[in-house]
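Please look through the structure shown below before reading on. The questions and answers that follow are meant for someone meeting it for the first time.

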Amino acid sequence: MKVSRLMQSKVTWAIIAEALILLVCFIIRPEFFSISYQPSTGMLYGSLIDIVNRSAEITIISMGMTLVIALGGTDLSVGALVAVAGAISLKFLRWDVLTYNTPGDYTVYPYVLVIFVPLIVCALMGLFNGFLVAKGGMQPIIATLILMVCGRGVAQILTDGKQFTTGYSPFRVIGQGSFMYLPMPIIITIIVVVAVALFTRKTAFGAFVESVGVNPSASRLSGIKADTVILIVFMITGLLSGIAGLIYSSRIMSNDSNNAGLNFEMDAILAVVIGGTNMAGGKFSLAGTVVGSLIIRTIVTFVYYFGIVSEATMAFKALIIAVVIVLQSEPVREYFAKRARKKEGVSHA
Amino acid sequence: MHNRQSLLNRITNPKYIMVYATIGIFLIVYAFGAFMYSDKGFLTIRTFANLFIDNAYYGISAVGMTMVLITGGIDLSVGAVASLTGMFIAYGTTVLGLHPMTCILASLVMGVGLGLLMGWVIHYLNVPPFITTLTGMFFARGVCSLISRESIDIHHPFIDALAGWKIYLMKYANGQWVRIRPIAFINFNVILFVIMIIIGTFILQRTRFGRNIYAIGGNEQSASLMGLPAGRTKILVYGFNGLCSVLAGVSYALYVKSGWNLSLQGGELEVITCAVIGGTLLTGGVGSMIGTLFGVLLKSVIPALITFNGNLLSWWGKIATGLLLLLFICIQRFVVTSAGKRK
Amino acid sequence: MSELLSMKGITIEFPGVKALDNVDFSLNAGEIHSLLGENGAGKSTLIKCLTGVNHMDEGKIYLEGKEIRPSSPMEAIETGISTVFQEVNLCPNLSVAENIFVGRQPMKHRQINWREINRRAEELMSRFHLDIDVTRPLSYYSTAIQQMTSIARAVDIQAKVLILDEPTSSLDENEVQLLFNVMRELKDNGMGIIFITHFLDQIYAVSDRMTILRNGHLVGTYGIKELSKVELVTKMVGKDMDVIFNLKRADVKPDSRITLQANHIGDSSHIKDISLTLKEGELLGFAGLLGSGRTETAEMLFGASRIVQGEIILDGTKLNLTKPFDAIKAKIAFCPEDRKRDGIIGDLSIRENIMLAVQSRKGFMKPMTRQEQTDLANKYITLLGIATPDCEKKAGELSGGNQQKVILARWMAAEPEVLILDEPTRGIDIGAKAEIQRLMLEMCGSGVSVIFISSELDEIIRCSNRIVIMRDREKVAEIDGSSCTQQDILKIIAEGAA
């Protein structure tokens, strides 16, 4: 591929940004990259592992968000769905807190329900979003605003506004367990990313999503069942939010309807956009999204690791994201692409 | 042809349908409250005045947000900017010992500056408003947390005077003016809110700048081909919204008399919700201040109802707001499709 | 006559192409000057350069002897150049009146004077014999009225130079005449008008001079009486016209099998009762004015709008069409009228655009491999002569005619039995037009039944075996294509069937 084309691709810029941030880390303190093995937990440790581990929820959600954005929409409800999933699973683990008043290594209802009911409910809520968009003809941002506003209310009501905790060990595995030396969330993330990638790129689904995102009317007239595509995409996003919700609540072994998934929708959208998918819809890049999600988490880890006052995280994050976004903006990319073209022109001559 | 300008014809103009819907639903909800809780005093002027007092800061912010939404944009930074304003005032007066007006001026420079900057990035760098203002939100929150992570109380005679200033609502009885019972009053925040609504209405209806906002929201490309200054208008709108956010922050600081880095979290969505149930379309081009005014009232009457009920968890308020949104979007859909069919 | 505007040596380069190469143009005061050329000839670029949308690399523009360099539409308007663009460039959410005055509203006490705006708008619209409520939103009205509004805006600005870029494409005959009257009136007041259209008759009806462009070069400027239509077309295309239009009608035998049959179909809104039959390898033309129900009928046959009465039979089996997918499954294809909105998927590559219908029939779970897609795309790129370096170019970056070919390729790849083409030649240049007509007839030759909808009677007559004439949402006549004249059809359209 030509340099000019590479320079025009947003994904390139995302990767460069991530590399630069890591490079700065390396220069300041090389041990940022050290990875050690902890035999007691059977897991690898290190900042890099931590970045991937901690970015799991956002990466998983942003897989769905990528598809939603490729359709030209946004899903604001994902954060609320994270809270809903947590609330439901903890509800099943503890049920009536008055009867089961101490948290411990038990579950009131079968583990299958603890896992699958939240996922099914979240998928259905995603379907509801999709229904409003596809059949109701609403703008996605506003259709999903509804669940964003009432989702947390639902989560609170499910748990009577209380915060449950649990000590059920199989539940702990989701967020804190390990497999093949890696923390479980990383494994789940890999599975989700691969599954979504296969589903979109090994079938024609991805092409259909892009087509509907660019021109819904023309896609419909070309025989694509646009409504079905929209429904599936929102359902996937709901389901993935549910998975993220399980990971989140397994990490804290509790439900927190106020703070679980707070601003996840923002981070996920940011990850997708940094990853090079245009908010107006069309071509999407799952790999770019993964990089985007990693960038967001790297910044946060970086701040913690180097002991910069943690209060500054947000401001720092904003500054780096601003730089990345400005670098990715059309006029800037055009400028660099033009320069690259000139250079190529010279070398060809 | 001659009665084209007639009142009836003007009233039935389809562009007003959403405003009617908002006002109508507000009246229905209000009537419902009056019917259910009249014994607890729902119908009093005091309750009505409290709707304004308790939500003035949302209302002030909604004025700017309405304009941003009409251009087809969105501003997620308003809650954080308002929170930062509160922090400026609290930290400035309590810790640094500055006069509150100095802090407010500094906030204005910060808020309007950030707004203009975001507008510039949105227009000239072509970054989606959602992303630009999200970054702005992170930035403002971050600075807020940098200043302090603790809630700081505000104790300053100027602030106390401003916050305590009230106009009691009076009635004329037995040959003299007396305060109505139960006592009802309006404060500085309410007046600021009403003034902002009036200014907003004037800008939108009576100035070229205001009409350019609508034109850009209707079709930005057309607007610039018609020779309208799209870039300048957009940047100024975000700047004006920054101003509104700061004023909302001042108003909130007067209301709670403290500054906290996590205050008004999610406030931006409350404000957007107010605008949307006030008939503003998120696609841009449609919206009005009078609609937004009633949107704020409608949204604030729900928590009021829940308080009057006394038995319901406050979370039902969120669900009710969500349902209200759904209702409004359905009405909007209906209006759009039926207007589209009449060709 | 005094020279009002002159453009000298205009050159504009886009990455890779010279859109305009040393073009001169001049316009007198009180003149209607037509600007002609095929798509991609550089007409739009020249106009955009004049209105400050594109910036020229070389050349000078003089308005009334003074050099100007418009850098934005706003500046162009201020210097006295006002434009009506091809697509309605107004704000649908604003009222008709406001659309005319936005940005230059009359003020009173530093406030917008709404009463004055509405009064003056009504006056202006009545000049076009339009008696409408100018306070209603623009989106409330038809495209023709919207187009009139945008002309009214340009007229009211009282520019020195008025540019009309394809203003007539959505107007009916009466409206065109009204527009011409207004244009003549403006011309008599000393305004210079640049008029761009694809309709040759209109050029001869209204203009004084014409300038022809081809491939970014100036061919020449001529008085209206200097060139005949044939000469004009020859100059535009650069080829001899007879060669282009030497087409042979499809050959249908009387005993050919009937493929598609519609019995008394009607939709929920306008169309009540349409019946038609289509034979194998036949080309059925649909003639009628805009809004006569042609498109609506086609949409019913394709399942894009629901039929509430009657039945559609394909090869003896009754079809139940509820969505386009059903029709595609039954091997019916439909090229919609609005290429930009309903046809091309601009951000996707040519390859993806072409494979779409085939893939959607298969469903997304049975994907074509990348190689299959590329082969398919390349096959049709060669077959239809789509001008592109490779099949990965974004379809949106192609010219209008090539985009139309891509859409055609999409449907040819789906191997339909019945192909419905709604205005496939609108807005594309004569060369591409002839090529699309040739392709259509070739498809007939291979046994496909084609329904061809067009506003241009001569191409309908040239290609069709039979012609269905629509009027006021009814089918009023069906006549033989080989033995009728334009006059016959016009008479039926105007007066209904005898």
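Q: How far apart do the centres of the positive and negative side chains of chain A lie?
A: This is a predicted model, in which local features need pLDDT of at least 70, side-chain atom pairs count only at pLDDT 80 or more, and totals for chains, interfaces and linings use all residues. Residues are numbered from 1 along each chain as its sequence is written, chains are lettered from A and ligands numbered from 1 in the order in which they are written, and side-chain values use heavy atoms, with hydrogens and water left out. Lys and Arg count as positive and Asp and Glu as negative, while His and the chain ends are not counted, and the place of a charge is taken as NZ of Lys, CZ of Arg, CG of Asp or CD of Glu. On that basis chain A has 25 positive and 17 negative side chains, and the distance between the centres of the two sets is 9 Å.

Q: How far apart are the mean positions of the positive and negative charges in chain B?
A: Chain B carries 23 positive and 9 negative charges. The mean positions of these two sets are separated by 16 Å.

Q: How far apart are the two centres of charge in chain C?
A: In chain C there are 59 positive and 70 negative side chains. The distance between the centres of the two sets is 2 Å.

Q: What radius of gyration does chain A have?
A: Helices (H or I, at least four residues) and strands (E, at least two) are DSSP runs numbered from the N terminus, and chain A comes to 16 helices and 4 strands. The radius of gyration is taken over C-alpha atoms, and the globule rule is 2.2 Å times the number of residues to the power 0.38. For the 349 residues of chain A the rule gives 20 Å, and the chain is close to this value, so it is as compact as a globular protein of that length, with a radius of gyration of 21 Å.

Q: What share of the residues of chain B is buried?
A: Chain B has 14 helices and 6 strands, and its C-alpha atoms fill a box of roughly 60 × 55 × 40 Å along the principal axes. A residue is buried under 20% relative accessible area, exposed over 50% and partly exposed in between, using a 1.4 Å probe and protein chains only. Of the 343 residues in chain B, the buried share is 57%.

Q: How far apart do the C-alpha centres of the two domains of chain C lie?
A: Chain C has 18 helices and 22 strands, and its C-alpha trace spans about 70 × 50 × 50 Å along the principal axes. Domain bounds come from an automatic or database domain assignment, which here gives domain 1 (3-239) and domain 2 (245-495). The C-alpha centres of these two domains are separated by 32 Å.

Q: Which helix of chain C is included in what covers the buried residues of H10(A)?
A: Helix H10 of chain A runs over residues 205-214, and 9 of its 10 residues are buried, so it is largely enclosed by the rest of the structure. Among the buried residues are Phe205(A), Phe208(A), Glu210(A) and Val212(A). With contact meaning heavy atoms within 4.5 Å, the cover includes helices H4 (56-70), H9 (184-201), H11 (216-221) and H12 (226-252) of chain A, together with, from chain C, helix H13 (350-362).

Q: Which residue with a positive phi follows H1(C)?
A: Helix H1 of chain C covers residues 43-50, and 6 of these 8 residues are buried, so it is largely enclosed by the rest of the structure. The buried residues include Lys43(C), Leu46(C) and Cys49(C). After H1(C) comes a residue with a positive phi near 85°, namely Gly52(C).

Q: Is Met180(A) buried or exposed?
A: Met180(A) has a positive phi of about 50° although it is not a glycine. Met180(A) is placed in the loop between strand E3 (178-179) and strand E4 (182-183) of chain A. Its relative accessible area is 61%, so Met180(A) is exposed.

Q: Is Glu423(C) buried or exposed?
A: Glu423(C), a residue other than glycine, has a positive phi near 50°. Glu423(C) is placed in the loop between strand E19 (418-422) and helix H16 (430-445) of chain C. Its relative accessible area is 4%, so Glu423(C) is buried.
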